[in-house]
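These are my notebook entries on a single chain, set down in the order in which I looked things up. I begin at the surface, go on to the charged pairs, and end with the strands.

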Amino acid sequence: MSMFDRLEDTLRRYEDVTAELGNPDIVTDQDKFRKYMKEQSNLAPIVEAYTEYKASKQNIEDSLQMISEESDEELLEMAREELADSKKKVEELEKKLKILLLPKDPNDDKDIVVEIRAGAGGEEAALFAAELFRMYSHYADTKGWKIEVVNADETGIGGMKEVEFMVKGQGAYSVMKYESGVHRVQRVPVTESNGRIQTSTASVAVMPEAEEVDIQIDDKDIRIDVMRASGNGGQCVNTTDSAVRLTHYPTGIVIYSQTEKSQIQNKEKAFALLRAKLYDLETQKAHDAEADARRSQIGTGDRAEKIRTYNFPQGRVTDHRIGLTLYKLDKIMNGDIQEIIDACIAADQAAKLAKMGEE
């Protein structure tokens, strides 16, 4: 099926969905109504671009006809300009439509669970992990997303050995999935007395939040322990059995949640994190079975891959996957990471388009 056959099918489907949304039976069925609204929302950008494309193609035909029939030089010049503009627009829209028709990651619209762990570098690695958490928190604020910490293992001087948090917001996974991997920092640590530059690392794992329908957890596979929360917390947190630890026997995954005062809330967060990790394991298995696809996609590659270096002496951040270097480290550490993410998305799309061209 050609691209334009697919576009015509998409247009017909959009019209059908729009008609269904006007059906009183659908309006009263909230589940169906939400399903159709989501489908309409997903199809709308393609239909808008295709409608604009067809209008530009018609403008080309009209301009050519005017040029062949018109003798007035001023009108001819206007027609030539219109022709050039429309040809440029058609070229741009063809590229846009190819990208819009790329297979969509089914997880892109999901909320996410992020896990940051300090790696090599001791206390300095923990400080860097905490800075990455602040960077993502500031970025989430600019997007209007909500962050909920599930668990944080903090050090005495402001570092984090580990932090797990949920991010709730439209399209969170579609954007943040490019942050998975090993982040490396090069700088003189505050704990270093002789001024030597040290290299430390922290790993970031971004997982789509899984619904209960995505992952079924058998009660016999789970042990639930409750205990008093530890670490920094209010009096109520530390004097009640509010913290929850889940142990998943088949995988050995252990989840600890203590940030809420309510045991019920901590349990809900712990199960949400466990579902995300189990779903992530299944996704990783699928990617391993499709090694070529995994290598061709930015952001869904090996979790052990070093993806980015933050060089403080030079004020430089380099993303190694796409060869991008930016000299605005302070802004990036304050959450200004959109330029890096946009470049990753563009590289990912280019790789997928190239792969489609080979098939």
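**Entry 1: a surface patch**

I looked first for nonpolar side chains on the surface and found a patch formed by M66, L75 and M78, with about 270 Å² of accessible area together. I note here that the model is predicted. I then placed one member of the patch: L75 lies in helix α4, residues 73-100. The relative accessible area of L75 is 35%, so I record L75 as partly exposed.

**Entry 2: salt bridges**

I counted the salt bridges next, and the count comes to 29. I took one of them, R13 with E39, where the side chains meet at 2.7 Å, N to O. This pair links distant parts of the chain, since R13 belongs to helix α1 (residues 3-21) and E39 to helix α3 (residues 30-69), 26 residues apart. I checked the exposure of both partners. R13 is partly exposed at 34% relative accessibility, and E39 is also listed as partly exposed, at 23%.

I turned to the side chains of E73 and R80, which meet in a salt bridge at 3.4 Å, N to O. For R80 I noted a relative accessibility of 36%, which means that R80 counts as partly exposed.

I then examined R117 and E162, a salt bridge whose closest N and O atoms are 3.3 Å apart. The two residues lie in distant parts of the chain, with R117 in strand β1 (residues 112-118) and E162 in strand β3 (residues 160-168), 45 residues apart. Is each partner buried or exposed, or partly so? R117 counts as partly exposed at 34% relative accessibility. E162 has a relative accessible area of 16% and is therefore buried, the cut-off being under 20%. I followed the shared partners further and found that E115, R117, E162, E164 and K277 are joined into one network of salt bridges.

**Entry 3: helix α5**

I compared the length of helix α5 (residues 122-143) with expectation. Its 22 residues should span 32 Å at 1.5 Å a residue, and the end C-alpha atoms are 32 Å apart, so the two values agree. Immediately after α5 I found G144, with a positive phi near 75 degrees.

**Entry 4: the sheet of β6, β7 and β8**

I traced an open sheet of 3 strands in the order β6-β7-β8, with antiparallel pairing. Its edge strands are β6 (222-227) and β8, each of which pairs on one side only. I noted an average twist of 15 degrees from one strand to the next.

I went through the pairings in turn. β6 and β7 run antiparallel and are joined by 6 bridges; M227 stands opposite A243 in β7. Strand β7 (residues 243-248) is joined to β8 by 5 bridges, again antiparallel, and R245 faces Y256 of β8. The hairpin of β7 and β8 has 4 residues between the strands, and G252 there takes a positive phi near 80 degrees.

How many residues of strand β8 are buried? I find 4 of the 5 residues in 253-257 buried, so β8 is largely enclosed by the rest of the structure.

I also looked at the loop between α7 (235-238) and β7, where D241 has its place. D241 is partly exposed, with a relative accessible area of 42%. D241 and S262 are 21 residues apart in sequence, and I read a C-alpha to C-alpha separation of 8.9 Å in space.

**Entry 5: the strands around β10**

I finished with strand β10 (residues 316-319) and asked which residues cover each face. Both faces are covered: R316 and T318 on one side are buried, as are V317 and D319 on the other.

On one pairing, strand β9 (residues 306-311) meets β10 in the antiparallel sense over 4 bridges, and N311 has R316 as its bridge partner. The hairpin formed by β9 and β10 has 4 residues between the strands, and I noted a positive phi of about 60 degrees for G315 in the turn.

β10 also pairs with strand β11 (residues 324-326), in the antiparallel sense over 3 bridges. There V317 stands opposite L326. The hairpin of β10 and β11 likewise has 4 residues between its strands, and G323 has a positive phi near 70 degrees.

Terms used. Residues numbered from 1 in each chain as written. Heavy atoms only, no water. Patch = residues over 30% accessible without salt bridge, like charges linked within 9 Å, V, L, I, M, F, W, Y side chains within 5 Å. Areas by Shrake-Rupley, 256 points an atom, 1.4 Å probe, with all protein chains shown as cover. Salt bridge = Lys/Arg side-chain N within 4 Å of Asp/Glu carboxyl O. Buried < 20%, exposed > 50% of the residue type's maximum accessible area, 1.4 Å probe, protein only. Pairing = 2+ DSSP bridges. Axes fitted to C-alpha atoms, helices over the stretch in contact; angles between N-to-C directions. Expected span 1.5 Å × (residues − 1).
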